[in-house]
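Please look through the sequence and the model shown below, and keep both at hand while reading. The report that follows takes up a few regions in turn and describes what can be computed from the atoms in each.

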Amino acid sequence: MSAEHLVPLAAGPFLEVVHAIEPHHLDAPTPCADYDVRALVDHLLTWGPPLEGAAGKRLVPPAEPDPDWRPALDALTARLVAAWGEPAAWAGTARVGGSLELPAEVVGHMLLAEFVVHGWDLGQAIGHRVQWDHELLRRLLDGVTRMADQARAMGAFGPEVPVPDSAPTLDRLLGMTGRVPARR
């Protein structure tokens, strides 16, 4: 399966969680230590446009979160799926939010991680179990493992949480990003 086909597999379950968020959930803490549900939604709305721009090799600044967050997140997710659904998005280099140029494949894995890891964070916060395609998780774990040191240096991942090699792929992915999968 080519990389561009992984994006809808990540986005679908992510949107399932987004649509399960109720107003009373917005103040709930998430496993992502710096964010409650609302702050994590705002983070996604802020950094989604730069990730969308990166697919087209354009530098796009972070956006202001939209107070009408659910339709805004739906529309942004659709644009991200379309943008990263193009094979050219995964080729060459791209920049996200600054002058650091990265392989486009790394930026694509950042997008997949936003959907899967933050989707899991949101699901944990609201008590909604979500599942992703095994091939997507396997490929994402490989990509996240390759970029983990750099992501930790940038503050995007926390310290690795040891997870047995025999654990489910999602658990190993979560541990690599600094989450404690036992919260499931």
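In this predicted model, helix H6 is mostly covered, since seven of its eight residues are buried. The buried residues of H6 are Thr 169, Leu 170, Asp 171, Leu 173, Leu 174, Gly 175 and Met 176, and what covers them includes H4 and H5. After H6 comes Gly 178, a residue whose phi is positive, near 100°.

The segment after helix H6, a helix that spans residues 169-176, also contains Thr 177. Is Thr 177 buried or exposed? Thr 177 has a relative accessible area of 2% and is therefore buried, because a residue counts as buried when this value is under 20%. The side chain of Thr 177 reaches back to the backbone oxygen of Leu 174, at a distance of 2.9 Å, and Leu 174 is itself one of the buried residues of H6. When residues up to four places away in sequence are not counted, Thr 177 touches Val 117, Val 144, Phe 157 and Gly 158.

**Aromatic pairs**

How many aromatic pairs does the structure hold? There are two, and the table sets them out with their geometry.

| Pair | Centre to centre | Angle between the planes | Arrangement |
|---|---|---|---|
| Phe 14 and Phe 115 | 5.1 Å | 45° | tilted |
| Trp 84 and Trp 90 | 5.2 Å | 80° | edge-to-face |

The pair of Phe 14 and Phe 115 links distant parts of the chain, for Phe 14 lies in helix H1 (residues 6-20) and Phe 115 in helix H4 (residues 104-126), which places the two 101 residues apart. Phe 14 is buried, with a relative accessible area of 1%, and Phe 115 is likewise buried, at 3%. In the pair of Trp 84 and Trp 90, Trp 84 has a relative accessible area of 0% and is buried, while Trp 90, with a value of 11%, is buried too. Why does Trp 90 count as buried? Its relative accessible area is 11%, and the word buried applies to any value under 20%, so Trp 90 falls within that class.

**Around Ala 104**

Both Trp 84 and Trp 90 appear again among the contacts of Ala 104, a residue that, leaving aside its neighbours within four places in sequence, is in contact with Lys 57, Trp 84, Ala 89, Trp 90, Ala 91, Gly 92, Thr 93 and Ala 94. Ala 104 has its place in helix H4 and counts as buried, at 0% relative accessibility. Along the chain, Ala 104 and Trp 120 are 16 residues apart, and their C-alpha atoms are separated by 24 Å.

Lys 57, one of the residues in contact with Ala 104, is found in the loop between H2 and H3. At 37% relative accessibility, Lys 57 counts as partly exposed, because this class holds the values between the buried limit of 20% and the exposed limit of 50%. The phi of Lys 57 is near 60°, a positive value in a residue other than glycine.

**The cavity and the largest pocket**

The structure holds one cavity of 30 Å³ or more, and the largest cavity has a volume of about 80 Å³. Which residues line the largest cavity? The lining is formed by Phe 14, Leu 44, Trp 47, Gly 48, Leu 51, Leu 73, Leu 76, Thr 77, Leu 80, Leu 111, Glu 114 and Phe 115, so that both members of the tilted aromatic pair, Phe 14 and Phe 115, belong to this lining. The elements that give two or more residues to the lining of the largest cavity are H2, helix H3 (69-84) and H4. By class, the lining of the largest cavity divides into nine nonpolar residues, two polar and one charged.

The largest pocket, in turn, has a volume of about 900 Å³. Of the 32 residues that line the largest pocket, those closest to its centre are His 43, Glu 114, Gly 155, Ala 156 and Phe 157. Glu 114 is thus named here and also in the lining of the largest cavity, while Phe 157 is one of the residues touched by Thr 177. Two or more residues of the pocket lining come from each of helix H2 (37-55), H4 and helix H5 (134-153), and H4 gives the most, with seven residues. Sorted by class, the lining of the largest pocket has 21 nonpolar, seven polar and four charged residues.

Conventions. Residues numbered from 1 in each chain as written. Predicted model: local features only at pLDDT ≥ 70, side-chain atom pairs only at ≥ 80, totals over all residues. Heavy atoms only, no water. Phe/Tyr/Trp six-rings, centres within 6.5 Å; stacked < 30°, edge-to-face > 60°. Helix = DSSP H or I, 4+ residues; strand = E, 2+ residues; numbered from the N terminus. Buried < 20%, exposed > 50% of the residue type's maximum accessible area, 1.4 Å probe, protein only. 1 Å grid on protein atoms, 1.4 Å probe; cavity = no way out; pocket = protein on both sides within 12 Å on 5 of 7 lines; lining within 4 Å. Points joined across faces, edges and corners; volume = space filled by probe spheres on them. Nonpolar A, V, L, I, M, F, W, Y, C, P; charged D, E, K, R; others polar. Polar contact = N/O pair within 3.5 Å; in protein donor to acceptor, adjacent residues only side chain to side chain. Contact = heavy atoms within 4.5 Å.
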